[in-house]
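I opened the model today to look up a few local features and to note each one in turn. I began with the open space and then went on to the helices, the rings and some single residues.

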Amino acid sequence: MKRTSVLLALVLVALVLGACTAGPNELRNVSDEDGDVAGFWKGLWHGFISPFTFIVSLFSANVHVFEVHNNGNWYVFGFLMGASAIFGGSGGGAAARRRNRNC
């Protein structure tokens with residue numbers, strides 16, 4: 001009985017995690033209405049402003065956090081770099097731990 005419940009729990013976890021995976025972006029490398037495809041620099045900017053964009057997107061159907069008309073991995077890399085810079089990245093936590101050891 002215990003073995004069956006563990007197996008059932010694993011299957012349920014696999015299904016839940018599988019439902020969370022991202023699907024393909026059909027608008028990748030497709031120009032938007034202005035003829036632009038977002039690249040690294042636009043991704044970096046969107047990452048910087050992502051906290052503010054998220055708040056605005058809660059109240060507006062026309063504002064989105066992530067640009068779907070992008071060039072793929074370079075846009076995502078820029079977005080992650082910008083978001084990690086605005087949220088402190090990993091260097092801030094390491095510096096805080098180092099200061100605490102010296103006290």
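I looked first at the largest pocket, which is lined by 13 residues, and the ones nearest its centre are Asn62, His64, Phe66, Glu67 and Val68. For the term I used this rule: on a 1 Å grid over the protein atoms alone, a cavity is a set of points where a 1.4 Å probe fits but cannot get out, whereas a pocket is an open set with protein on both sides within 12 Å along at least five of seven lines, and lining residues have an atom within 4 Å of a point. The space in the largest pocket comes to about 290 Å³, with grid points joined across faces, edges and corners and the volume taken as the space filled by probe spheres set on the points. By class, I noted five nonpolar, five polar and three charged residues in the lining of the largest pocket; here Ala, Val, Leu, Ile, Met, Phe, Trp, Tyr, Cys and Pro count as nonpolar, Asp, Glu, Lys and Arg as charged, and the others, Gly among them, as polar.

I noted the basis of these entries: this is a predicted model, in which local features need pLDDT of at least 70 and side-chain atom pairs count only at pLDDT 80 or more, while totals for chains, interfaces and linings use all residues. Residues are numbered from 1 along each chain as its sequence is written, and side-chain values use heavy atoms, with hydrogens and water left out.

Next I looked at the chain as a whole, and I found five helices and zero strands, in the order α-α-α-α-α along the sequence (helices are DSSP runs of H or I with at least four residues, strands are runs of E with at least two, and both are numbered from the N terminus). Of the 103 residues in the protein chain, 17% are buried, where buried means under 20% relative accessible area, exposed over 50% and partly exposed in between, with a 1.4 Å probe and protein chains only. Among contacts (heavy atoms within 4.5 Å) between residues at least 6 apart in sequence, 73% join residues at least 24 apart.

Then I turned to helix H3, residues 50-59, where the buried residues are Ser50, Thr53 and Ser57. They lie on the same side of H3 because they cover an arc of only 55° around the axis, the arc being that of the directions from the helix axis to the C-beta atoms. The face turned away from that buried side carries the exposed residues Phe52, Leu58 and Phe59, and what covers the buried residues of H3 includes H2 and helix H4 (73-86). Pro51 is also in helix H3, and beyond its neighbours within four places in sequence I found it in contact with Ile86 and Phe87. The C-alpha atoms of Pro51 and Phe87 are 8.8 Å apart, with their positions 36 residues apart along the chain.

Which rings pair up? I counted seven aromatic pairs, taking rings of Phe, Tyr and Trp (its six-membered ring) as paired if their centres lie within 6.5 Å, with planes under 30 degrees apart stacked, over 60 edge-to-face and the rest tilted. One of them is Phe40 with Trp41, edge-to-face at 5.0 Å centre to centre and 80° between the planes. Phe66 and Tyr75 also form an edge-to-face pair, with 5.0 Å between centres and 80° between planes; Tyr75 is buried at 0% relative accessible area, while Phe66 is partly exposed at 34%. I also noted one aromatic cluster formed by Phe40, Trp41, Trp74 and Phe77.

Is His46 buried or exposed? His46, in helix H2, counts as buried because its relative accessibility is 15%, and outside its neighbours within four places in sequence it is in contact with Val65, Glu67, Tyr75 and Phe79.

Last, I looked up Leu27, in the loop between helix H1 (2-19) and helix H2 (40-48), which counts as partly exposed at 33% relative accessibility. Leaving out neighbours within four places in sequence, Leu27 is in contact with Val68, His69 and Asn70.
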